[in-house]
Structure formats: structure tokens, C-alpha cells
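Here are my comments on the model you sent. They are numbered so that you can reply point by point.

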Amino acid sequence: MGKKKNLLSIGLSVGLVSTMFAPSSTFAAADTNMNKETGTPSFVSGKLTKASSQNPNEVLFDYLNDQKSMYKFSGSSAQDAFQIISKEKDDLGFTVFRLQQLHEGTPVYGSTQTAHVDESGVLTAVSGTVIPDLGSKKELKKATKFKKQDAIKKAEKDLGFSPSYEQKPESNLVVYADGESPTYAYHVTLNFLSPEPGNWQYIIDATSGEVLTSFNALHEAKKEGVGKPGGGGAITGTIQTASGTGVLGDQKTFNTLLSSSTYYLKDTTRGGGIFTYDAANRTKLPGSLWTDADNAFNASYDAAAVDAHYYAGATYDYYKDVFNRDSYDGNGAPLESTVHYGRNYNNAFWNGSQMVYGDGDGSTFVSLSGGEDVVAHELTHAVTDTTADLIYQNESGALNESMSDVFGTLVEYHDNNNPDWLIGEDIYTPGTSGDALRSMSDPSQFGDPDHYSVRYTGTQDNGGVHINSGIMNKAAYLLSEGGTFYGVSVSGIGKDKLGAIYYRTLTQYLTASSNFSQMRAAAVQAATDLYGSSSSEVQSVKQAFNAVGVQ
């Protein structure tokens with residue numbers, strides 16, 4: 001493999017700068033987080049414009065055009081430099097935008113932004129680092145010699161084996177900027193299940209063919225990739241209430257579908273439906289829609305399916321009841337799960353369209369669907385994929401993991417299922433009492449850092465996505481429960497307010513390359529939106545991040 005570059009170097013040097021500015025078009029001074037490396041803002045908040053009756057699009061683009069010297073984007077106007085990916089109105093009356101930076105029509109990898117315009121037409125926040133001065137970069141004047149298919153072949157060669165694809169490899173031209181020399185490149189995605197599941201992301205220089213960076217976004221016990229969506233949608237019948245025994249021997253009730261004297265693990269009462277499949281120890285997805293003759297799922301082979309089905313429903317209910325979110329995409333996407341994947345498979349993963357659970361080997365893991373926080377963790381990865389889309393590497397990847405841990409825990413509390421601040425404790429090392437994958441209350445218990453001063457800075461674990469999630473997990477725990485850490489006292493605000501602030505942070509303020517500093521700014525802004533700038537909740541957010549050394 002060629003010399004690799006840091007995929008998220010644009011996100012690692014962002015610190016809070018107490019910059020107050022009031023350009024001619026702004027109504028009030030703004031608080032600004034500056035990216036020290038790019039010299040452009042990563043988060044700006046305040047009353048950025050005067051009240052206006054203009055369309056929110058015009059408010060946003062007028063501001064960006066007026067602030068071109070600060071954001072340093074290429075192109076003649078903001079309309080050329082940014083594409084609106086989504087626009088929606090939230091419950092507080094804000095018009096929320098998601099943007100993609102462009103250079104001469106080509107997406108800039110990892111450079112996404114959000115913006116908020118309130119009901120009075122005031123722009124209140126712009127989040128996300130913009131890669132500056134691309135129009136002046138000589139590297140982007142060079143012709144692209146490689147083609148899309150050439151980039152795929154290069155990635156396959158670097159992979160070192162011939163996978164059996166579940167979906168055709170993708171290759172898309174992007175501008176890739178590592179902070180020094182931006183270049184045209186291909187973002188190649190290789191998704192497969194065999195010889196082992198993988199979701200490899202490659203950045204291939206479009207001129208030289210060099211592998212600039214690569215990482216596997218499928219990760220142990222919490223993996224992601226892309227597979228084929230399941231079937232089962234054509235089966236019709238009547239909803240029934242079933243009972244069954246879960247992996248840990250507990251009894252559960254859940255919905256099934258009765259059709260022609262057969263009961264299916266299909267629940268049509270939630271969004272686009274909840275479907276549970278049996279892989280029968282093979283590795284082909286989705287497998288067969290689970291059936292039963294008497295609607296009593298008490299056989300030992302049923303246990304993994306019972307939990308996958310029930311916990312998918314419980315996760316759906318949490319997001320719907322608390323945030324009025326209809327499934328992971330907000331649009332009622334079906335929740336599909338496959339259990340008994342492979343043999344003794346110590347893993348579970350979200351593959352872009354469904355959940356997949358192994359049975360474990362009985363010593364490292366039992367059936368992974370038996371952990372409610374694991375199921376909710378995985379489905380929160382899907383929420384992240386359809387909102388902030390945090391790149392699964394370095395600090396943005398650690399935020400991705402931490403958000404899944406936070407909401408996995410909150411789902412467990414919402415369902416009142418022996419809740420705690422441990423992750424995976426129900427399915428990990430069954431022979432070891434008190435063991436878990438991670439602890440949010442005390443990350444150091446299982447060897448993870450709990451303060452930014454002791455963060456992992458190596459290249460393993462995609463730059464520490466699981467390891468450094470401990471820092472953010474500790475901040476979330478302190479925000480909810482309170483406590484004193486590193487001499488900083490935090491007043492806890494409770495789990496409900498933690499969930500409200502973090503959900504708004506994830507779905508409205510975080511961007512693809514967000515780092516811990518931007519997470520702090522985003523959480524402060526989310527708390528400000530919900531509770532007011534002078535609220536005790538905002539103060540607690542600031543103190544929680546102070547306690548873990550994130551400024």
C-alpha cells in the first residue's frame with residue numbers, strides 16, 4: 001500500500017477560539033470555533049443575520065456569500081460551492097439545512113455542513129469545516145488519469161483477496177483534502193460478506209492511482225456494511241400477540257403475523273415493519289423469514305430470534321415515543337434482522353439495510369441479539385448514517401461509536417430492562433461476572449481513556465474509534481448523572497435531557513468530519529435551543545466537556 005494520509009486531519013486541530021466578529025451583514029456578534037489548520041470556522045453560532053422575510057435558502061446563501069473571505073470556499077458564489085442535501089423544519093420552528101461542499105461540481109470528501117434559520121428568518125448557526133482555497137490549488141489543475149473502474153481494481157488489489165460481493169462496488173470522484181495537498185480521488189466502497197464481512201472504504205488518487213487511505217467501516221460486535229434488503233413484505237395476515245423466551249431465559253411478548261395457519265416474525269404495527277430472519281448458520285442474507293406453528297417461541301433455537309425481534313421493536317419505540325422519529329431514517333424504513341449468522345460467529349453488524357447477529361462461541365459471546373444495548377447501538381449507527389454520517393475514523397469515528405453507546409443505554413433505560421451504564425454486559429464473556437465491552441461511567445475499568453489528555457493517538461482501531469469513545473461516553477455519563485471528575489463538578493440533568501440534547505446534536509449539528517471540539521460546540525448549541533443560553537442545562541454541558549478535557 002502507498003503512503004497513507006490522515007483522512008480526517010481537517011478535524012483534528014479544531015479548538016475553541018474566543019473570536020467575536022460582527023461583519024456588516026450580521027445583526028450581532030458570533031461565537032466561533034475555528035479550525036486552526038484550515039483557518040476556517042468549524043462552528044459559528046449567534047444571531048448571524050437580521051430578522052428577514054426572505055426564503056431561508058436566501059438567508060443562508062446571502063450570509064455565506066457575504067462571509068466568503070472567512071469561509072474561503074472556491075467558486076464564484078456559495079450557490080456554486082455548496083449543494084443543499086436536505087432541508088426540513090424541526091419542532092422548534094428552525095429550518096435545518098444539510099450541505100455538501102463542492103469544487104467545480106465535485107463533492108469535497110468529508111466536508112459537510114449544517115445551518116439553522118429560525119422562525120424570524122435569523123441564521124443562528126453554521127456547523128462544519130469548509131476546505132478553503134481549493135480554486136487556487138495547482139494539484140486540482142491536473143487531469144485525472146485513473147478511471148472509476150481502475151480505482152476499484154486498485155482497491156481490490158490492495159485488499160489482497162477476491163471477495164464475494166453482496167452489492168456491486170462503488171467508485172465516485174471526490175476532492176480529497178488532507179490539509180496540505182488536495183487532489184481529485186475516487187472514493188471506493190467494497191461491501192461483502194465472504195470470505196468475512198467487510199465494508200472497506202478506499203480513497204484512490206485519481207492522477208497517480210496511489211492508495212491515500214483505507215479503512216474497514218465494519219467493526220467487531222458493532223459492524224457496518226452494505227447487503228441486500230430482505231423480503232417477506234408480500235406476506236399478509238393478521239397481527240397476533242406472541243410469547244417467547246430470550247437468550248438470557250427471560251419471557252417476552254411481541255407481535256407476529258398469522259397467515260394461513262403459520263406465524264411469522266413480522267410486525268406491521270411499527271413503521272415499515274419489523275422482520276426477523278433465520279440464516280440457519282449460513283452466511284447468505286437475509287435468510288428465511290422466521291416461522292412458527294403455535295406462536296409460542298420457547299425452543300432454545302428461537303431465543304436469538306425472540307430477542308432480535310423484541311429489541312428491534314423496543315428501539316423503534318424509543319425513537320418514536322421520545323423523538324417522533326419513524327425508524328432509523330425518519331421515514332418508516334423496515335427494521336430487518338437476521339440471526340444464526342455463520343457458525344460460532346462472535347459478531348453483530350449493521351450492513352446498511354439490516355441487522356445481522358452471530359450466535360457467539362459461547363465463551364467470548366453468547367447470541368449477540370441477547371443484548372438490548374447492542375441492538376440499539378447498531379440501529380443508532382443507522383440513525384447516524386442517515387443524519388450526521390460521521391466518518392468511521394479518528395475522532396469523528398469515536399463520536400459515531402459514542403452516540404451508539406449513549407442511545408443503546410438510553411433504550412435500555414426506556415425499556416426498563418435491567419438498565420446500567422455498561423455496554424454489552426449481557427452477551428459478552430458469560431463466564432465472567434461484571435464483565436462488559438465498555439463502561440460509560442468508568443471507561444478506564446476496561447482500559448479505555450476517560451480524558452482527552454490520555455486519548456489514543458495511534459492508527460489501530462481506525463484511529464481509536466472504540467477506544468476514544470470512552471472520553472465522550474464519560475462526558476455523557478457526567479451530564480446525565482453528575483459528579484466531580486478531574487476536579488470539575490458537573491450537575492447532572494438526567495437521562496431524558498441528555499437524550500434530548502444528544503439527539504438534537506447528532507441529527508442537526510454534527511457533520512461528517514466533526515471532532516470532539518465541534519461536538520462540544522454542537523451540544524452547547526443544542527442545549528441552548530432547547531433550554532436557553534443562560535440555562536443550567538447549558539452550564540452542565542459545558543462542565544461535562546470541561547471535566548473530560550474537551551474545549
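1. Setting aside residues within four places in sequence, aspartate 448 has Arg438, Pro443 and Ile467 as its contacts. The residue sits in the loop that runs between strand S26 (438-439) and helix H8 (460-464). Please keep in mind here and below that this is a predicted model.

2. What is the nearest side chain of opposite charge to aspartate 448? It is arginine 438, at 5.3 Å. A salt bridge requires a side-chain nitrogen of Lys or Arg within 4 Å of a carboxyl oxygen of Asp or Glu, so a separation of 5.3 Å does not qualify. Aspartate 448 is therefore buried without a salt bridge.

3. Arginine 438 does have a salt-bridge partner: its side chain meets that of glutamate 401, with an N to O distance of 3.8 Å. Glutamate 401 belongs to helix H7 (residues 394-414) and arginine 438 to strand S26, so this pair ties together parts that lie 37 residues apart in sequence. Glutamate 401 and arginine 438 are both buried.

4. How many salt bridges does a search of the whole structure find? The count is 11. One of them joins the side chains of lysine 497 and glutamate 537, at 2.6 Å from N to O. Lysine 497 is in helix H10 and glutamate 537 in helix H12 (residues 536-547), so distant parts of the chain, 40 residues apart, are linked. The two ends are not equally covered: lysine 497 is partly exposed, with a relative accessible area of 29%, whereas glutamate 537 is buried, with 8%.

5. Helix H10 also supplies arginine 504, which forms a salt bridge with aspartate 529 of helix H11 (residues 516-531). The closest N and O atoms of that pair are 2.9 Å apart, and the two residues are separated by 25 residues along the chain. Aspartate 529 and arginine 504 are both buried. Through shared partners, salt bridges join Asp90, Arg504 and Asp529 into one network.

6. The second largest pocket deserves a separate comment. The space in it is about 720 Å³, and its lining consists of 24 residues. Those nearest its centre are Glu88, Arg325, Tyr503, Thr507 and Gln508. Two or more lining residues come from each of strand S4 (82-89), strand S5 (95-103), helix H5 (303-323) and helix H10 (495-509). Which element gives the largest share of the lining? That is H10, with 5 residues.

7. Asparagine 216 is in strand S12 (residues 211-216). Is the residue buried or exposed? Its relative accessible area is 18%, and buried means under 20%, so asparagine 216 counts as buried. Beyond its neighbours within four places in sequence, its contacts are Pro197, Gly198, Asn199, Trp200, Tyr392 and Asn462. Glycine 198 is 18 residues away along the chain, yet the C-alpha atoms of asparagine 216 and glycine 198 are separated by 6.5 Å.

8. On the overall layout, the protein is divided into four parts: domain 1 (31-136), domain 2 (148-216), domain 3 (243-386) and domain 4 (422-548). The C-alpha centres of domain 1 and domain 3 are 39 Å apart. These bounds come from an automatic or database domain assignment.

Key: Residues are numbered from 1 along each chain as its sequence is written. This is a predicted model: local features need pLDDT of at least 70, side-chain atom pairs count only at pLDDT 80 or more; totals for chains, interfaces and linings use all residues. Side-chain values use heavy atoms; hydrogens and water are left out. Helices (H or I, at least four residues) and strands (E, at least two) are DSSP runs, numbered from the N terminus. Buried means under 20% relative accessible area, exposed over 50%, partly exposed in between (1.4 Å probe, protein chains only). Lys and Arg count as positive and Asp and Glu as negative; His and the chain ends are not counted. Contact means heavy atoms within 4.5 Å. On a 1 Å grid over the protein atoms alone, a cavity is a set of points where a 1.4 Å probe fits but cannot get out, and a pocket is an open set with protein on both sides within 12 Å along at least five of seven lines; lining residues have an atom within 4 Å of a point. Grid points are joined across faces, edges and corners, and a volume is the space filled by probe spheres set on the points.
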